[in-house]
Amino acid sequence: MKIGDSAMAMSEGTKARVDWVDYAKGFCIIMVVMMHSTLGVEKAAGAEGWMTHVVAFAKPFRMPDFFLISGLFLANVIDRDWRTYADRKIVHFAYFYVLWLVIQFLFKAPGMVADDGMAGALREFLLAFVDPFGTLWFIFLLPVFFAVTKLLRGVPWWIVWIAAAALETAPIETGWVIPDEFAARFVYFYTGYIFAPVIFRLAASVIERPWMATAGLLAWAVVEAVAVFGGWSELPLVSLALGLAGAAAVVGFSALLSKSHRLGWLRYCGQTSIVIYLAFFLPMAATRAVLLKTGVVPDLGTVSLIVTAVAVVTPVLFHWLVRGTRFRFLFERPRWARIEEKPARGLVAAE
């Protein structure tokens, strides 16, 4: 019996246990947008603002938690036939990757053509089918994780986990996004899949003992800050430990939010996290350009915060705007892009 086999039973709990997952996804997507927004502002301005410290603090756990949550419910579907599984976990993300790759390229192509000519721009576009383009690497890598995990279904989980942990610890830097990010992130995705029952029990324990959990979160924050700002966070094994501990902290923080039923907007961001991830690049770039050009906000940290807020909110508003219109294909996969025998209706990007 594999540990992940009981994840379905653990996930069929109270409403709060569903809510905390959405809170966690919302927190993670905001941290991701914040990172891109802050680094983009600082690069364009040639200087750093106070938000750079927030981004640095979140670096050890930002993507590990995103991938851990992505693997959390995999045990519910991994035993489906390959056609259904591939439709939901591979073709689904491939559709949105190609669609939004084209959209991003249309906006970036003029600059590429000016720098490298038409041939250079076309080369970059074609290269993106094997080496992810811009911010879309997460959408590219996620179906790879789903496929690899199903292919390894017959291998003892502990062998796969140790191998994945070794990949994270090894200094793999090929310059190619897919092998580099696979090595750095697969252990967290696989941990979410295999240890889902443990993670759900952790969330339940936090909900039952909120004061003890709060004390634990404060202690974790101190350790995280010391490791990050002391320059130890990227050392071998330390990075793995911080990634797992940080993911657990986000689970705990999200469980506390689900207990209090506060910050409903954050939960909604989690429910539409893939929508935000797909579409945040354009409002981010536009807001950054306007604020830096006009200088209406002189503080770079505040500029980064405003850019983050606009980049998160705008995709959600755009999603509302196109629902039920002929442009819904931007966030809802059409029937022609499905390969399962009886496709479900109304499945959107967060499927």
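In this predicted model, the count of aromatic ring pairs comes to 34. Two of these pairs are set out below, and each is described in the same terms, because a pair of aromatic rings is described by the distance of the centres and the angle of the planes.

| Aromatic pair | Centre to centre | Angle between planes | Class |
|---|---|---|---|
| Phe 105 and Phe 125 | 4.9 Å | 50° | tilted |
| Phe 138 and Tyr 277 | 5.4 Å | 50° | tilted |

The pair of Phe 105 and Phe 125 is tilted, with 50° between the planes, and the two residues, Phe 105 and Phe 125, are both buried. For Phe 138 and Tyr 277 the planes stand at 50°, and the pair counts as tilted because this angle is neither under 30 degrees, as stacked rings require, nor over 60, as edge-to-face rings require. What does this second pair link? Phe 138 and Tyr 277 link distant parts of the chain, since Phe 138 lies in helix H5 (residues 137–151) and Tyr 277 in helix H12 (residues 273–279), 139 residues apart. Phe 138 is buried, and Tyr 277 is buried as well.

The chain that carries these rings has 14 helices and zero strands, and the pattern along the sequence is accordingly written with α alone, as α-α-α-α-α-α-α-α-α-α-α-α-α-α. Contacts across the sequence can also be described for the whole chain: of those between residues at least 6 apart in sequence, 81% join residues at least 24 apart.

One of the helices, H3, covers residues 51–70, and its 20 residues should span 28 Å at 1.5 Å a residue; the end C-alpha atoms are 27 Å apart, which agrees with that expectation. Where does H3 bend? The bend, of about 60°, is at Lys 59, and a proline, Pro 60, follows within four residues. H3 is also mostly covered, with 14 of its 20 residues buried.

For the chain as a whole, a compact globule of 351 residues would have a radius of gyration near 20 Å, and because the chain has 20 Å, the value agrees with that rule. Along the principal axes, the C-alpha atoms fill a box of roughly 55 × 50 × 40 Å. Buried residues make up 50% of the 351 residues of the chain, while the accessible surface comes to about 16,500 Å², with 69% of that area belonging to carbon and sulfur atoms.

Conventions: Residues numbered from 1 in each chain as written. Predicted model: local features only at pLDDT ≥ 70, side-chain atom pairs only at ≥ 80, totals over all residues. Heavy atoms only, no water. Helix = DSSP H or I, 4+ residues; strand = E, 2+ residues; numbered from the N terminus. Expected span 1.5 Å × (residues − 1). Bend = angle between axes of the 7 residues up to and from the residue. Buried < 20%, exposed > 50% of the residue type's maximum accessible area, 1.4 Å probe, protein only. Rg over C-alpha atoms; globule rule 2.2 N^0.38 Å. Contact = heavy atoms within 4.5 Å. Areas by Shrake-Rupley, 256 points an atom, 1.4 Å probe, with all protein chains shown as cover. Phe/Tyr/Trp six-rings, centres within 6.5 Å; stacked < 30°, edge-to-face > 60°.
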